[in-house]
Amino acid sequence: MDQHSFRVLEFDRVKEIISRFSVSDSGKEKILSLRPFNDLQALFLRQKEVSEAMRLLDEGSIPLSGAPEVRSFIKSALLDSVLTPLQLLDIYNFLQTCTKVKRAVEGKTVKFPLFKKYCDNISTLNSLEQLIKKSIAEDGKILDSASPRLKEIRNRLASCHSKVQDKLQNILKDPAYQKMLQEPIITAREDRYVLPVKQECRSQFPGLVLDQSSSGVTVFMEPLQVVEIGNELRQLALSEKREIEIILYNLTSSVSEYSDELNINIEVLAHLDLLMAAAIFSEKYSCFNADINEKGYLRLIGARHPLLSGDVVPIDVEVGDKFATLVITGPNTGGKTVTLKTIGLFSLMALSGIPIPAKVGSFVPFFKKIFADIGDEQSIAQSLSTFSSHLTQITKIIPQADRDSLILLDEIGAGTDPTEGGALAISILEYFHSKGARTVATTHYSQLKSFAASTPGVSNASVEFDVETLKPTYKVRIGLPGRSCALAISSRLGLLSDILSRAYSLLKEGDVSLEKLLETIEDEKEAAEHEVMIARKSKEEAQKLREEYEKALASWEEKRKALWSEASREVEELVEGASEDLENIFEDFRSKLSAVLEENERNAKDVLNDLKEQWKKSRANPEVEVDEALKEIKWQMKRALQSLSVQKGEYRSKVENIFSEFRKSIKAKLPVIEEKEEPQEYEYKRPVCLETGEKVFLVDMNEEGFIDGKPEGEFVPVRVGNIRLRVPVRRLRVAPQGAGRVSGVEEVISSKRAEAKRELDLRGCTVDEALAETEKFLDDASIANAGSLRIIHGKGTGALRKALQEYFKTHPLVKSFQLADEREGGWGVSIVEL
């Protein structure tokens, strides 16, 4: 990238703003060294990192602040320079910050995978952290716990100090010395304890003179009694100093040992600091990541230059899609140069991974070169005029221009004769256009307006100026050339009308027509834009109403679901309570019925065993003939059959009583079940005729049925429901009066088949209603020979689905069942095979 472009586009100033949000010197350095990426994938990664930092900022950021700058300390440690206690404390605080940052991101792999990956590279170095903590206090003093020897030395020092104090206190209290002392105080000179003695008493006081006052009235003397202890204190103090130096040396060696890990930690925290600073900048300036493309398409929507203060007017501008060259015209101070700088600066920011202060949907191409010739760089020292300075810069750009370049030219061709300058400007733009470069140029030349209007791939643009207020609006209009408004502004400022008339007369007829045409077009465009604004406002109001309606609908739906869920829960609780009662009833019924069956089976086995024993006895007696034995057995069998017949009647009676009690219990627990009439008393008369379709009563089953075929000896086929039975004729009775004659089983089956359906919708039914409907549905489907059925029970709470599945498990007509595929209803539909 061109360094001159960085300067004129003021990219460094933007980086300086971002760096103010960093919390470390290393992070600030990284921000100030930002440059556009050369690798597209690396740029995409940076954008993801910044986006992740913006999301993390919404949750409270990470504790990066408080990390001291320790790079120089690590370098010193590597050079065998012993670190001071305060420098070691900075390293300790840095390690604590590393630990806090690592913990802050732990467990957030899904939401912040990139930050988690960086934090995984942070070494906590607990051993070094604890070593510094136990050795140095917060104020930088070396703690006794730094080493056992240091603790021992300091204990001895404390003991010596105590002894000296005791001896000196005794001297102060001694009347023999009190008259010699200037004051009864203990002070120190040259790290030794002394007493203030009067000058005239110095020869009488036993001690050594170490100092005297400036007036000479007082001498400071160390009593002979404490000289020896003072020497010991001096030695212990030197020992303490040497031990502290050893401790600091060892701590410095530990820092040197972990220098690689510490440098990695510094690099990681600096990178995270850069990302968080970019996120804070984005929040402050309402920035978003631009969409980067390789098609050369640049579009900025609502772009606000970050270096402008006050009410910044956002601009919309584009180049590179329908046209590769854009020529911007309009009056001075209208915003042409700001538009150029915004395009260039936003391209540099986006390609450096920095979000831009524009609306979502803005595009920036992956430019590999950005050139800008903006501003007047004339130089007296170098004999450069305005025209020469511009042309010198353009000459540098020309050899490097290609399809990956963005070229920004301010006032192209200015500073010389307008005719020649305009011609030169057109030829330069044609050259850049032929190279495929994206070029944006500003100008006042009318020739360039015509060039842009008539050349494919080149478009006009203008900046608005309000002639009434004499102020620019700073809005960019693509497709329309701008008016200079010089004469109109002069008129508003009160220039003499004769002068204005003369000026208009000197203009070429084509120039006047063009200005009038542009004025008409601008008026029509303003009217159209006003209509569009009204339509957009109406659309926004309609959208707002729709959102309010959808919000109300969602709220109602949520309440409905809550009520339905509560009702379903209450129903399930009632059903669960009833189910427990029914289960007890069923269990009682099973146990009673099993007892009767076991009793009947035992009776039959007893009779059979008696017959076997009788036969064995007869065969064992040689006097008994075979014929006589057979007669005896036949007689015994006849008696046994009579006995079993009696027992069978008793057995039937017991079973009917059990069923009767069972029905009563069910009715008591489920009063909602529709009461059915008790079976009618039937006349115990055999049917006179046994024709197919005749309605009969089966004595043993207490059920009605229909003759379903011709008699076969003493048996006749009878259909009960969908079950076909062979029943002895003697066990049939005439159906009750009024039953009449049916049209035949074939007609019944045909009717059922015609009415049968393969799908049953139970949504909205209670469990009892659903089971009753399902029973009838399965019967009809069985008669109609339906193979596969769909039963829709809905998803809901799942109570109905569970009840149906339990029901299918024991139903004799159901071969198998399963939930439908997702395309056919999923777990809201059951597929049943008969």
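The exercises below work through a predicted model of one protein.

**Exercise 1. Overall picture and confidence**

Task: Describe the make-up of the protein, then say where its pLDDT is below 50.

Solution:
- Start with the secondary structure. The protein has 23 helices and 23 strands.
- Turn to burial. Of the 834 residues, 38% are buried.
- Take the accessible surface next. The total is about 48,400 Å². Carbon and sulfur atoms hold 52% of that area.
- Look at the contacts with a separation of 6 or more. Residues 24 or more positions apart supply 66% of them.
- Now check confidence. The average pLDDT is 81, and 77% of the residues reach at least 70.
- Locate the weak stretches. Residues 378-384 have a pLDDT below 50, with six contacts beyond near neighbours in sequence. Residues 670-684 also fall below 50, with 17 such contacts in the model.
- Draw the consequence. Predicted coordinates should not be read in detail where pLDDT is low.

**Exercise 2. The buried side of H14**

Task: Find which residues of H14 are buried, how they are arranged around the axis, and what covers them.

Solution:
- Fix the helix. H14 spans residues 386-397, twelve residues in total.
- Check its length. The distance from first to last C-alpha is 17 Å, close to the expected 16 Å.
- List the buried residues. They are Ser389, His390, Gln393, Ile394 and Ile397.
- Place them around the axis. Their arc is only 130 degrees, so they sit on the same side of H14.
- Identify the cover. It includes helices H1 (3-8) and H15 (418-434), along with strands S10 (369-373) and S11 (405-409).

**Exercise 3. The buried face of H8**

Task: Which residues of H8 are buried, and why do they line one face?

Solution:
- Collect the residues. Within H8 (126-135), Leu128, Glu129, Ile132 and Ser135 are buried.
- Look down the axis. The buried residues fall within an arc of 140 degrees, and therefore line one face of the helix.
- Name the cover. Helices H6 (85-105) and H11 (227-257) are among the elements over these residues.

**Exercise 4. His811 and its partners**

Task: Is His811 buried or exposed, and what does His811 touch?

Solution:
- Place the residue. His811 lies in the loop that links helix H23 (799-810) to strand S22 (816-819).
- Apply the cut-off. Buried means under 20% relative accessible area. His811 has 9%, so it counts as buried.
- Find the neighbours. Leaving out residues up to four places away in sequence, His811 touches Glu775 and Leu778.
- Specify the polar link. The side chains of His811 and Glu775 make a polar contact of 3.1 Å.

**Exercise 5. Strand S1 and positive phi**

Task: Describe Ala188 in strand S1, then examine phi at Glu190 and Ser286.

Solution:
- Begin with Ala188. This residue belongs to S1 (187-189) and is partly exposed at 39%.
- Add the contacts. Ala188 touches Tyr193 and Val194, not counting residues up to four places away in sequence.
- Take one C-alpha distance. Ala188 and Leu210 are 22 residues apart along the chain, with C-alpha atoms separated by 9.5 Å.
- Recall the background. Most residues other than glycine have a negative phi.
- Examine Glu190. Its phi is positive, near 55 degrees. Glu190 lies in the loop between S1 and strand S2 (192-198). Its relative accessibility is 55%, so it counts as exposed.
- Examine Ser286. Its phi is also positive, about 55 degrees. Ser286 sits in the loop between helix H12 (259-285) and strand S5 (291-293). At 41% relative accessibility, Ser286 is partly exposed.

Technical notes. Residues numbered from 1 in each chain as written. Predicted model: local features only at pLDDT ≥ 70, side-chain atom pairs only at ≥ 80, totals over all residues. Heavy atoms only, no water. Helix = DSSP H or I, 4+ residues; strand = E, 2+ residues; numbered from the N terminus. Expected span 1.5 Å × (residues − 1). Buried < 20%, exposed > 50% of the residue type's maximum accessible area, 1.4 Å probe, protein only. Arc of directions from axis to C-beta. Contact = heavy atoms within 4.5 Å. pLDDT = per-residue confidence, 0-100. Areas by Shrake-Rupley, 256 points an atom, 1.4 Å probe, with all protein chains shown as cover. Polar contact = N/O pair within 3.5 Å; in protein donor to acceptor, adjacent residues only side chain to side chain.
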